[in-house]
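Colleague: I am new to this structure. Could you take me through it, question by question?

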Amino acid sequence: MSEHNYWLVGASWGGVDHQDEKFVEEGYWMLGWTEEEHKAQFDRALQIQIGDRIAIKRRMGSNNPNIRILHLGIVKGVIKEANKVICTVNWVIKNLENREVESHGCYASVHGPYSEKDYDGWIREIFSL
């Protein structure tokens, strides 16, 4: 088993302003909340480390218990300045078309850290190449 963690992150600010294409094109992911706006999400994002795996997910709708996995990447760097958390990312898989998985309640901006053994293969289902 590897030593890195797995993270599910959002990229739809306010639930409607989708940032994922910009993030992938420019090679990063950024938390849309400042520490003052959402301390719990900010603190969780601060735990992301170089080498961790990251997946941008999107909710499938308010009545759908699943999420769609859009992009998969490996964190190359983490910038924790100016009240923002920004990860530079090598987006390995972009624009996944049909990867829908059970949400396990992952509707907020940042979920993790998870290991490969979490949720009986759920993480492997999300991050498999």
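Modeller: Start with a ring pair: both Phe23 and Tyr28 are buried, where buried means under 20% relative accessible area, exposed over 50% and partly exposed in between (1.4 Å probe, protein chains only). This is a predicted model, in which local features need pLDDT of at least 70, side-chain atom pairs count only at pLDDT 80 or more, and totals for chains, interfaces and linings use all residues. Residues are numbered from 1 along each chain as its sequence is written, and side-chain values use heavy atoms, leaving out hydrogens and water.

Colleague: Are the rings of Phe23 and Tyr28 stacked, tilted or edge-to-face?

Modeller: Rings of Phe, Tyr and Trp (its six-membered ring) pair if their centres lie within 6.5 Å; planes under 30 degrees apart count as stacked, over 60 as edge-to-face and the rest as tilted. The rings of Phe23 and Tyr28 have centres 5.0 Å apart. Their planes meet at 55 degrees, so the pair is tilted.

Colleague: What kind of pair do Tyr114 and Trp122 make?

Modeller: Both Tyr114 and Trp122 are buried. Their ring centres are 5.4 Å apart. The planes stand at 85 degrees, so the pair is edge-to-face.

Colleague: Which element gives the largest share of the largest nonpolar core?

Modeller: A nonpolar core is a set of buried Ala, Val, Leu, Ile, Met, Phe, Trp, Tyr and Cys residues joined through side-chain atoms within 4.5 Å. The largest one has 21 residues, and Phe23, Trp29, Leu31, Ile54, Ile56 and Trp91 touch the most other members. Elements giving two or more residues include α1 (20–26), β5 (53–59) and β7 (84–93); helices (H or I, at least four residues) and strands (E, at least two) are DSSP runs, numbered from the N terminus. The largest share, four residues, comes from β7.

Colleague: How many residues does the second, separate core have?

Modeller: Its members include Ile69, Leu96, Cys106 and Tyr114. The count is 14 residues.

Colleague: Which residue in β9 stands opposite Tyr6?

Modeller: Two strands pair if DSSP finds at least two bridges between them. Three bridges join β1 to β9, and the two run antiparallel. Opposite Tyr6 in β9 stands Tyr114.

Colleague: Is the peptide bond from Gly112 to Pro113 cis or trans?

Modeller: Pro113 belongs to strand β9. Omega of the bond from Gly112 is near 0 degrees. The bond is cis.

Colleague: Is Asn95 buried, partly exposed or exposed?

Modeller: Asn95 is in the loop between β7 and β8 (100–102). Its phi is positive, about 55 degrees, although Asn95 is not a glycine. At 51% relative accessibility, Asn95 counts as exposed.
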